[in-house]
Amino acid sequence: MITLFHAGYDVIKEPDVHNGRKNADFGQGFYTTDNKEFAMRWAREQKGKEVIVNHYELDESTLLVKELKRDKEWFEYIFSNRRVKPDVFGEYDVIIGPIANDTIYDTFGIITSGFLSDEEAMKLLMVGPCSRQIVLKTVKAAEALKFISSEVLSSEQIRAGALEHEKENALFQAEFARVMKEMDEDS
């Protein structure tokens with residue numbers, strides 16, 4: 001069993017794996033994390049809506065699971081999904097791996113423009129925290145997910161999470177700038 005969390009604006013007892021963006025890191029699916037604090041850091045207030053963290057248990061024993069590390073395979077998979085190419089891991093029920101940070105779309109745009117090589121972009125994408133996402137890709141995976149509970153976050157919890165996210169992002173930006181400078185000096 002894996003304990004999972006999903007932050008959003010609704011109590012989701014039965015997730016729809018066909019809902020959501022097709023150009024997300026691991027393609028279309030139901031995105032979760034095994035770290036409640038991480039889920040809370042990504043929660044954002046929206047006027048007139050409650051912010052909810054849903055809590056689940058996933059029985060992965062009968063599922064085909066693909067676990068990715070922050071490496072070339074991960075990079076190529078995300079790059080392909082961001083460009084909405086066919087899912088090379090379409091036979092898997094669940095994909096587990098690092099979250100690409102928010103600058104990944106810009107990084108891939110820079111690759112496409114020819115400004116960065118794949119190797120340089122990969123070096124940049126290895127910078128920063130390595131939080132995990134667990135994405136349910138199939139109906140079979142969604143059926144193996146058991147809803148446990150939901151929690152409405154207070155404004156204080158959301159602000160505290162946003163503050164942690166800002167701190168993490170500031171450290172990431174500094175490290176990103178350092179790696180960019182090193183790459184510039186090497187060329």
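# Notebook: strand β1, its sheet, and two helices

I began with strand β1, residues 2-8, and found that five of its seven residues are buried, so the strand is largely enclosed by the rest of the structure. I note at the outset that this is a predicted model, and I read every value below as computed from that model.

**Overall content.** I looked up the secondary structure of the protein chain and counted six helices and seven strands, which run from the N terminus in the order β-β-α-β-β-α-β-α-α-β-α-β-α. Of the 187 residues in the chain, 42% count as buried. The chain exposes about 10,300 Å², and carbon and sulfur atoms supply 51% of that area. I also checked how contacts are spread along the sequence: among those between residues at least 6 apart, 85% join residues at least 24 apart.

**The sheet around β1.** I then asked which strands lie in the sheet with β1, and in what order. Three strands form an open sheet in the order β1-β3-β7, with antiparallel pairing. The edge strands are β1 and β7 (145-152), each of which pairs on one side only. Direction ignored, neighbouring strands of this sheet are turned by 25° against each other on average. As a reminder to myself, strands of a sheet pair through backbone hydrogen bonds, either parallel or antiparallel.

**Following one row across.** I went through the two pairings in turn: β1 and strand β3 (residues 52-58) pair in the antiparallel sense over seven bridges, and β3 and β7 likewise pair in the antiparallel sense over seven bridges. To trace a path across the strands I started at F5, whose bridge partner in β3 is H55, and went on from H55, which stands opposite S149 in β7.

**Helix α4.** For helix α4 (residues 118-125) I listed the buried residues, which are A121, L124 and L125. Seen down the axis of α4, these buried residues fall within an arc of 100°, so they line one face of the helix.

**L171 in α6.** Is L171 buried or exposed? I located L171 in helix α6 (residues 155-186), and its relative accessibility is 64%, so L171 counts as exposed, given that the cut-off for exposed is over 50%. I also looked up its separation from V127: the two residues are 44 apart in sequence and 10.0 Å apart in space, taken from C-alpha to C-alpha.

Technical notes. Residues numbered from 1 in each chain as written. Predicted model: local features only at pLDDT ≥ 70, side-chain atom pairs only at ≥ 80, totals over all residues. Heavy atoms only, no water. Buried < 20%, exposed > 50% of the residue type's maximum accessible area, 1.4 Å probe, protein only. Helix = DSSP H or I, 4+ residues; strand = E, 2+ residues; numbered from the N terminus. Arc of directions from axis to C-beta. Pairing = 2+ DSSP bridges. Axes fitted to C-alpha atoms, helices over the stretch in contact; angles between N-to-C directions. Contact = heavy atoms within 4.5 Å. Areas by Shrake-Rupley, 256 points an atom, 1.4 Å probe, with all protein chains shown as cover.
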